[in-house]
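User: Could you walk me through this model? I'd like to go through it by question and answer.

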Amino acid sequence: QPVTTPLGAMSMVGRQRSMQHLALRRLLSSQPASQQSMSMREIVLTRRRAAGVAIHDAHQRRRQQERKSFGATTFELLLGGGLAVGAYAYAASNSLDAPGLLAPRPKHGRPLPPRVQLIVHGSAGGGSTAGGVSVYGRRWARVDVKCAMCRRSLLRRGEPCFLHSEPGEAGQGQEVLLCAQHYATAHCQNCALCAVRFEPAGELPLLLPTGEAFCQSCTTRPCYSCARPIGRADAAARPLCGTCRASAVVSERAALELLRELKGWFLDIGLDFGRWEPGQLRLVSSVASAHLEGLTHRSSLGRGGAGPARTVPAIDLLHGLPRHHAAQVLAHEMAHAWLWLQHFPEPLDKKTEEGVCELFAYLWLLCEEAAQEAAAPAGADALTPSRRQLLQRIRVMELRGDHAYGDGFREALAASERHGLALTLASVRTTGRLPGVARPRPGGW
């Protein structure tokens, strides 16, 4: 067994050191000549400096490329910003606000009916309203509101009057007013339902401006819309005659088409709704109040320092109304929406607001009635059944006794006839009152 000697241990240590020196020489031989005489710390620092220079050069090359493409980048930024601003403005005008009040623009080049022009432009437009009274949508001198047969005045309270067409020159009919007795003699010899003949000296039948008369036995449940007796049992909450049922608005799609048609008509008289439409147009079986047939829901959304943004989330319309009736109600509710979107004072006096909205419904009826009169064939009776129904609606609005919807409407009509529609709306917006109406005095001394 050999014994390890100190000399052998020293030789082993020497061999290890020689191997380390060999590895060091190989490492130095692989370095560039400039680094072979450097220490390890200097080599590491040199490599770090080289890496930093490479990174700096890469940054310089990237900046040069950005400078070359700066024009295209700026154009893209401006274009994107412009598109974003335009999209925001489009969304804001579409959902929050309406453009406002414009000059009246006739539809398809046709002027507005003379009566409507007088109301829209006021007495400054060339008409005169002093001492007149509105009967069936026409302005009559008070001395002319009398029966054309017996010459009796028809201005007495509760005295019914009816419109009658008489043959005139060149086949043109002349429209005159008749009392109930002479209207029944001229138009109503038989009951419209049972055809029983009326006795000349008997009791007056139920007369309607549509040219129909009904005996007492047939005056059962009337039609909800036109008040024409139905003559049969009807369990519906709002019974309709056959004529009204034929044009009933029973789908939200039909109601939306009617609303878009009314937007065009509003533009004709000077009110621009732009792209606005309510969030929802709902057909409901009943409205919040029993006597209402439509309701406009209003809301305010906060938007910082610019003040609350007003919206109309929904409009409710009674289901099953005939087309003319539904359009009359919808015109009234759209006027509510326009006043709200245009930031009219809130709260606005109910009599003033309802009167102004009823004025727009009245103007729509006048335009529709004038269009049917113009469409009547020459030589025929211009008072067609459909036109008579419109005249009946007009007369009901003129005689309505409600404080807000009746008195308010007549005050708004008189103000627009004197000052014009634009000045009337401007006065309501700035003062909350119709032009010429004094501010109510506070109570007490």
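**The pocket and two helices**

User: Which helix gives the largest share of the lining of the largest pocket?

Analyst: Six residues of that lining, the largest share, come from one helix. A pocket here is an open set of points on a 1 Å grid over the protein atoms alone, where a 1.4 Å probe fits, with protein on both sides within 12 Å along at least five of seven lines, and lining residues have an atom within 4 Å of a point. Helices are DSSP runs of H or I, at least four residues, numbered from the N terminus. The helix is α8.

User: What should I know about the model, and which residues lie nearest the pocket's centre?

Analyst: It's a predicted model: local features need pLDDT of at least 70, side-chain atom pairs count only at pLDDT 80 or more, and totals for chains, interfaces and linings use all residues. Residues are numbered from 1 along each chain as its sequence is written, and side-chain values use heavy atoms, leaving out hydrogens and water. The largest pocket has 30 lining residues. Nearest its centre are His291, Glu293, Glu358, Arg400 and Tyr405.

User: Is Tyr405 in α11 buried or exposed?

Analyst: Buried means under 20% relative accessible area, with a 1.4 Å probe and protein chains only. α11 covers residues 403–419, and among its residues that meet this are Phe409, Leu413 and Tyr405. So by that cut-off Tyr405 is buried.

User: Which glycine follows α7?

Analyst: α7 runs over residues 252–269, with Trp265 and Phe266 among its buried residues. The residue after α7 has a positive phi, near 115°. That's glycine 270.

How values were computed: Helices (H or I, at least four residues) and strands (E, at least two) are DSSP runs, numbered from the N terminus. The expected span of a helix is 1.5 Å times one less than its number of residues. Buried means under 20% relative accessible area, exposed over 50%, partly exposed in between (1.4 Å probe, protein chains only).
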